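Colleague: Please take a close look at the sheet in the second chain for me. I would also like to see what surrounds it.

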Amino acid sequence: MANSNNRRKFMTTTLQSVGLTALGGMLWSGYTHEVKASPLVLRPPGAIKEEDFLTACIKCGLCAEACQNRDTNIDKETGEAREGTLKMAKGGDHTLIGTPYFIPTEVPCYMCEEIPCVPVCPSGALDIASVSNEKEELDINMSRMGLAIVHKESCIAFWGIQCDACYRACPLLDVAITLEYQKNERTGKHAFLLPVVQDSACTGCGLCEMACVTEKPAIFVLPNEISKGRAGSHYVKGWDEKDQERVKDAKKIKTVNERSEKEASDYLNSGDLY
Amino acid sequence: MKNLKYLLLRRVTQITILFLYFGANAYGWNMLSGTFGSSVLMGIIPLADPYTTLQVLATGFVLGADVLLGAGIIILFYMVIGGRAFCSWVCPINMVTDLANWLRRKLNLDKEEVNYRFLKRNTRYWIMVLGLIVSAVLSIAAFEVLSPITIMQRGIIFGFGMGFAVVLAIFLFDLFGVKNGWCGHLCPLGATYSIIGKTSIIRVEHDHEACTACMKCKVVCPENQVLHMVNKESIMITDGECTNCGRCIDVCDDDALTFNIRNYLKK
């Protein structure tokens, strides 16, 4: 009798433990799933794809420390480090807690040649290969932290006012942001100097956003996942030899359906156009 | 003063370690940089949190060699020498929960303790395993998104933000909720170190001959189930859940408890 009571107690406790673990697991998963959804975040140079970055980042802060204490960030007068670009997400930042990020309008990325933040990463969340050229030298111009977007309606250059603040601020002057000249039809005698962001060169450092003179910047950096569209692989540029390569082995497929019973000419000559 | 020796030593160690981490960011020191997740000692030796490392590995991500080596060094150190010393000599949350525990005693809250049936001391092992499962399912180190330990440490180094609320929650839970609730029942990192540190050579030893059964040690011990031999037999405390905090040695008036080295060779 005592034995069966013990067994029953054992079964109940086990069931209770398993049940509570399942409850905890669901709450925990739900919370984790919510907090990892923060797509509007700019990551350090060399950061791997956001989804993988959240997995890989071990939240050690070595990148942020290297950023703040780099030689070029030490105030020459006081000898103290200024605020670095990279912040470590705190509670209330709406970014996965403990991960590094930056806000261009506070401190943009100054694109240091020696990229102090990337080589210190121990986990592989910041990929040194993605910011190294063929000679295996660090090249900050290869980083793709985001892409700058111009909002034409609030950019005063599109109004006809002469402003090239973002163009001048860009570390890749005349490469990542170019000026397009257009005639101002309204006045008939002035030119528009329109900033155009070049996707192939923009690193997403945010210096343009920082420099923008409008109340809320008319040029701003968004993560690549957000700022870029995707045409889809079924679009092939027939005029581009390299792109055409993708379909050189494609097989010709003839679609057969009800309509294929008649020739196109039959259909056009039937007189029944609608 | 005698009965504060190890307590003061621990506070000095904890604060020094935190200050070194703080200085690495604020003043560019390179004695101890990074955070517990992954650190660099003296600018060269990698260190990494074993549980964080396990969580990231559970997601299937191939971690950098520095982290794996760092976790190996930490595991080896606590396995061979320190035991579960991380919890009482390094972890900043220990200061919070110790304060809560001290207040509990001062306010006589322990006498009113409710019996929390479902919250047992082995809950932490369930949480530890659960953390790895959630990590694997969601492809993200699950404990790291809410760990009060690293939230507090990063708070000290980089600024707290709303993170202080988490630390406050732990304090209130330990003060008004369950006695030793966080460190002794829930923390999966403490669970990990309990398993790792089980074989370490630094141990507290009990001398039954000297013991007068005053039970002061059992009152202060945050894991008092490990002191089952007190006033019974003269053996070492070999339970992995002992944090080697030395508080029992401090409060013992009879020198019945001392730190000693476990000798595996002597049978």
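Modeller: I start with the chain as a whole, then go to the sheet, its helices, the cores and the contact between chains.

This is a predicted model: local features need pLDDT of at least 70 and side-chain atom pairs count only at pLDDT 80 or more, while totals for chains, interfaces and linings use all residues. Residues are numbered from 1 along each chain as its sequence is written, and chains are lettered from A and ligands numbered from 1 in the order in which they are written.

Chain B has twelve helices and five strands. These are DSSP runs numbered from the N terminus: helices are H or I over at least four residues, strands E over at least two. The radius of gyration of chain B, taken over C-alpha atoms, is 19 Å. The globule rule (2.2 Å times the number of residues to the power 0.38) gives 18 Å for 267 residues, so chain B is as compact as a globular protein of that length. Its C-alpha atoms fill a box of roughly 55 × 45 × 40 Å along the principal axes. Of the 267 residues, 46% count as buried. Buried means 20 or more other C-beta atoms within 10 Å of a residue's own; exposed means 12 or fewer, and partly exposed lies in between, with C-beta atoms placed from the backbone. Contacts are pairs whose C-beta atoms, placed from the backbone, lie within 7 Å. Among chain B contacts with a separation of 6 or more, 71% join residues 24 or more positions apart.

Now the sheet. Three strands of chain B form an open sheet in the order β1-β2-β3, with antiparallel pairing. Strands pair if DSSP finds at least two bridges between them. β1 (32-35) and β3 (45-48) of chain B stand at the edges with a single partner strand each, so one side of each has no neighbour in the sheet. From one strand to the next, the twist averages 15°. Strand β2 (residues 38-41) of chain B joins β3(B) through four bridges, in the antiparallel sense. Ser38(B) has Ala48(B) as its bridge partner in β3(B). Helix α3 (residues 65-82) of chain B packs on this sheet and touches β2 and β3 of chain B. The direction of α3(B) makes about 75° with that of β3(B); axes are lines fitted to C-alpha atoms, for helices over the stretch in contact, and angles run from 0 to 180 degrees between N-to-C directions.

α3(B) also helps cover another helix. Helix α10 (residues 188-196) of chain B is mostly covered, with eight of its nine residues buried. Among them are Leu189(B), Tyr193(B) and Ile196(B). Their cover includes α2 (50-58), α6 (123-138) and α9 (181-186) of chain B.

Next, the cores. A nonpolar core is a set of buried Ala, Val, Leu, Ile, Met, Phe, Trp, Tyr and Cys residues joined through C-beta atoms within 7 Å. The largest has 101 residues; Cys63(A), Cys117(A), Cys208(A) and Ile219(A) touch the most other members. Apart from that core lies another, of 14 residues, including Cys221(B) and Leu257(B).

Last, the contact between chains. Here 36 residues of chain A are in contact with 44 residues of chain B. On the chain A side, α1 (2-35), α2 (50-56) and α3 (62-68) of chain A each give two or more residues. The largest share, eleven residues, comes from α1(A).

Definitions and conventions: Contact = placed C-beta atoms within 7 Å.
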